[in-house]
Every structure is written in structure tokens, then in C-alpha cells.
Amino acid sequence: MKTSIQTKELSIGYHDHLLFENLNLTIPRGEISVFVGSNGCGKSTLLRSVARLLKPTDGSVLLEGKDVHRMSSREVAKKMGILPQSPISPEGLTVHDLVKQGRYPHQSWLKRWSEEDSEKVEEAMKATRVDELRDRPVDELSGGQRQRAWIAMTLAQDTDIILLDEPTTYLDMTHQIEILDLLFDLNEKHGRTIIMVLHDINLASRYAHNIIAIKDGAVFNQGTPESIINCELVRAVFGMECQVATDPLFGTPHCIPFGKGRCVIPKVNEAISGA
Ligand SMILES: Nc1ncnc2c1ncn2[C@@H]1O[C@H](COP(=O)(O)OP(=O)(O)O)[C@@H](O)[C@H]1O
Ligand SMILES: [Mg+2]
């Protein structure tokens, strides 16, 4: 396995409260890795730390063997782009201007805005279908449109590693699949390493090569969805009872939660509602 990112004895937290202690994690290169775990378990914190947005209390994050906290922000931004969970854009900033900001790491006083920069911006806007919104202020868009504009900015950055924190939030089902398909193609056709947080374990199972399940400040398990997603994992990580079936289209694990609901198979109903 080729490594893209490694954490070494990483401890991270806020103030004097540690969320992760001595975490050793290896994220493969050229694959789609997805963090899953219950609300508040630290997925965003871990992703932000990997992206160098949060300084570790102890230990290190290695990007191609180099400590990210010893690299300049420009150096990191050329290799790794991140879409945070709830990004905020300056008031009135247009979609086009936002996406152009993705090219910032590629500029310098020697290298001004180029034809290549314009092309990357146009490509990114097209791929996320925000080209028609180019002159609209980002803060006036719907949640889904805004999310797509931010994804476009991350794509324009044109990095080998793309980190995304719940990129499908606010999107309807069609747009969720559209974005995940886009990320899938970026991986499959362009060899990009995708590392993201998804809260839908079924979509995670369908798109990820590698799932990293987080619980209590540690990696509960890591591996292919087929090898690690089962009732025990779902119970331990999400505190939920479920049946794990096979997705009829993709053959990937598909969790069906117990609980209440309209049921047309009376016998099964008794079992799943715990009656
Ligand atoms: N900036 C912050 N300052 C203090 N505590 C925070 C901060 N951000 C997150 N937390 C806390 O850290 C824990 C993990 O948060 P987070 O990483 O956002 O979880 P997740 O993304 O898995 O839902 C939560 O208890 C949250 O309240
Ligand atoms: Mg989060």
C-alpha cells in the first residue's frame, strides 16, 4: 500500500481536553478513504488536523513523509485541498471569485494569473455545474448551490489529495450522487486521493475503498467496507441496531436500521421494533 498521509502518535484536542491521544493512522494514496463515526466523535477535528488547520498537542502528521506543520501553507496547499464542514465566504463574493481563490497556491510574484489558471477555474465550475451561477454572490445561493461552489474551489486548486468534510450536506439525492460520482471519477481517472467525512454509511460503503471508523478518540476499525461493516461495528460506533444487507446494485454493505416504521412484513416488524 502506498501511503499518502500518516499520523504518528498524534494527540489533538481543544484547550486542555484531548480528543485523540497517540493516534497512529495510515491513509493510502490513490484511494477513496471515508471517515465515519457518530456526531461529535472528532471526525472534523481529525480532518482539520490532517489538513494543517489545527495544530496537534503532540505527535505529527506526515504528508509524503514530511511533517505538515513544518511545511509552509503554500507548500501544503499545492498538495492538499480541503473543503471544511461549514465554510463561510466573504459577503458579496461571487462564485467565480470564490473558485478563483482555489488557484492562490499556484500564484507568486513570479507567476501571475495564467491561461492555465483560467482553464482550471472553468473546468472546476463546469464539473460542479456552477458555471451558470458564476456572477451570483455565494451568500445568496441555496445550500446545495453554495456547497457545489465550494467544491469547485477545492477542485480548482488541482491537488493530488482532496479532503472534504461532509461534502454532500445540504444536497438532495441527485446532487449527492452527482458530487460523489465526480469524486469517484477524480480518483478513478485522475488518481486523486480522496479523504472525506460522510455521515451516510451506505454511501460511504458504496464509494470508499477504505473506511476509517472512529470511536472514543481512536480508530475502531479500518478496511474495505466489505471487510469491516457489520452489525457489531454499527452497534459499537453508532449505538444502533441494524441488519446489514447487500446493496442490490453494487454488492456493497447496506445497513438497514431497526426501529419503528411502516412495515409490510408483520413477522419482521416484531423483531425490528424490539416488541
Ligand atoms: N473549536 C472548538 N473548540 C472546542 N471544542 C470543539 C471545537 N470544535 C469541536 N469541538 C468539540 O470537539 C468534539 C468533536 O467535534 P468534531 O470534530 O466537530 O466532531 P464530528 O465532526 O465528528 O461531529 C465535540 O465534542 C465538539 O464539541
Ligand atoms: Mg464534523
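Biologist: How many residues of the shell around ligand 1 are nonpolar, polar and charged?

Modeller: The shell holds three nonpolar, six polar and one charged residues, where Asp, Glu, Lys and Arg count as charged and Gly counts among the polar ones. The model is predicted, so local features need pLDDT of at least 70 and side-chain atom pairs pLDDT 80 or more, whereas totals for chains, interfaces and linings use all residues. Residues are numbered from 1 along each chain, chains are lettered from A and ligands numbered from 1 as written, and side-chain values use heavy atoms without hydrogens or water.

Biologist: What makes Tyr14 and Thr45 polar contacts of ligand 1?

Modeller: A polar contact is a pair of N or O atoms within 3.5 Å. A nitrogen of the ligand is 3.3 Å from a side-chain N or O atom of Tyr14, and an oxygen is 2.5 Å from one of Thr45, so both pairs meet that cut-off. Taken alone, ligand 1 exposes 570 Å², of which the protein buries 57%, by the Shrake-Rupley method with a 1.4 Å probe.

Biologist: Which residues make the contact of H4 with H5?

Modeller: Helix H4 (residues 115-127) packs against helix H5 (residues 143-156) at about 140 degrees, with axes 8 Å apart; the axes are lines fitted to C-alpha atoms over the stretch in contact, and angles run from 0 to 180 degrees between N-to-C directions. Helices are DSSP runs (H or I) of at least four residues. With contact meaning heavy atoms within 4.5 Å, H4 contributes Lys120, Val121, Ala124, Met125 and Ala127, and H5 contributes Ala152, Leu155 and Ala156.

Methods
Polar contact = N/O pair within 3.5 Å; in protein donor to acceptor, adjacent residues only side chain to side chain. Helix = DSSP H or I, 4+ residues; strand = E, 2+ residues; numbered from the N terminus.
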